[in-house]
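Biologist: Please take a close look at a single buried position and follow its surroundings outward. I should like one connected account.

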Amino acid sequence: MNKGLLLVLSGPSGVGKGTVCSALRKCAPELVYSVSATTRSPRAGELDGVNYFFKSREQFQDMIQNDQLLEYAEYVGNYYGTPRDFVQKTLDQGLDIILEIEVQGALKVKEKFPQGVFVFLMPPSLQELQQRIVGRGTESEETIRHRMNAAREEINLMQHYDYAVVNDRIESACSRIQAIITAEHCKRERVMTELLEGVQL
Ligand SMILES: Nc1nc2c(ncn2[C@@H]2O[C@H](COP(=O)(O)OP(=O)(O)O)[C@@H](O)[C@H]2O)c(=O)[nH]1
Ligand SMILES: Nc1ncnc2c1ncn2[C@@H]1O[C@H](COP(=O)(O)OP(=O)(O)O)[C@@H](O)[C@H]1O
């Protein structure tokens with residue numbers, strides 16, 4: 001059986017990763033979403049096991065020690081990580097899975113899974129990015145400053161990704177990501193066909 005596609009959606013905080021993922025859930029319901037573990041406190045409305053698995057620092061350290069995370073990173077004072085088993089099981093079932101993670105973690109996944117598809121979500125401008133973070137109203141002024149500094153560094157790492165998608169309009173960003181998924185499936189099917197036909201690659 002063909003393995004599923006591992007899609008990594010990354011980009012600076014506030015660019016709209018969560019929003020685009022929510023929209024993708026509606027227009028691409030066949031995609032499976034990886035739920036991360038984090039030491040950050042839940043925001044209003046966030047549920048354990050749905051938005052994140054909320055962990056203490058000790059619990060998170062245990063997950064690291066027991067090799068339960070595919071990758072993890074410290075981001076603005078908190079740990080975030082991808083539970084490994086769920087990703088592996090989903091791919092083994094031939095299903096596509098999407099990881100919505102920050103840039104350091106994405107680059108670690110790339111080392112382990114170079115066959116993954118790495119998509120960098122870009123803001124239309126840095127000014128618009130700041131407006132989105134401020135507009136969301138979930139962060140203090142100091143955290144916003146940290147996140148904007150992190151964003152500048154993260155955008156510099158865009159060249160390590162397979163695709164850059166501008167999140168100007170949510171629907172457009174979703175369509176672009178869906179087109180990438182379709183193209184990657186076609187590419188893999190073609191490679192498989194050529195291999196089966198004994199074509200020299
Ligand atoms: N490396 C890594 N980053 C993650 C993971 N889960 C979430 N993140 C990223 O951590 C950053 C902060 O997430 P969060 O506190 O929820 O803020 P928000 O995404 O800006 O709303 C974002 O860039 C997330 O994409 C994960 O499992 N691993
Ligand atoms: N294409 C867009 N146009 C305008 N606002 C957007 C767009 N995408 C996201 N937003 C807004 O930007 C803010 C940050 O989005 P969010 O999905 O939380 O970002 P991230 O998950 O990357 O941190 C939210 O208030 C969201 O409603």
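Modeller: Apart from neighbours within four places in sequence, valine 20 is in contact with Leu121, Asn167, Ile170, Ala173 and Cys174; two residues are in contact if their C-beta atoms, placed from the backbone, lie within 7 Å. The model is predicted: local features need pLDDT of at least 70 and side-chain atom pairs count only at pLDDT 80 or more, while totals for chains, interfaces and linings use all residues. Residues are numbered from 1 along each chain as its sequence is written, and chains are lettered from A and ligands numbered from 1 in the order in which they are written.

Valine 20 lies in helix α1; helices (H or I, at least four residues) and strands (E, at least two) are DSSP runs, numbered from the N terminus. Valine 20 counts as buried because 23 other C-beta atoms lie within 10 Å, the cut-off being 20 or more, with 12 or fewer for exposed and partly exposed in between, all with C-beta atoms placed from the backbone. Glycine 81, by contrast, is 61 residues from valine 20 in sequence and 20 Å from it in space, C-alpha to C-alpha.

Two of the contacts of valine 20, Ala173 and Cys174, recur among the buried residues of α7, which are Ala173, Cys174 and Ile177. The cover over these buried residues includes α1, β8 (117-122) and β9 (163-166). Helix α7 runs over residues 170-196; its 27 residues should span 39 Å at 1.5 Å a residue, and its end C-alpha atoms are 39 Å apart, so the two values agree. The expected span is 1.5 Å times one less than the number of residues. After α7 comes glycine 198, with a positive phi near 70°.

Leu121, another contact of valine 20, is among the residues with the most contacts inside the largest nonpolar core, together with Leu7, Val8 and Val119; this core has 37 residues. Its largest share, five residues, comes from β8. Such a core is a set of buried Ala, Val, Leu, Ile, Met, Phe, Trp, Tyr and Cys residues joined through C-beta atoms within 7 Å. Beyond four places in sequence, valine 119 touches residues including Leu7, Val8, Tyr163 and Ile177.

Helix α1 also serves the ligands. With α5 (126-136), α1 (17-27) supplies at least two residues each to the shell around ligand 2, and α1, β5 (69-75) and β6 (78-83) each do so for ligand 1. In these shells a residue is near a molecule if its C-beta atom, placed from the backbone, lies within 6 Å of it. Ligand 2 is surrounded by 13 residues, the closest being Gly16, Lys17, Gly18, Thr19 and Arg132.
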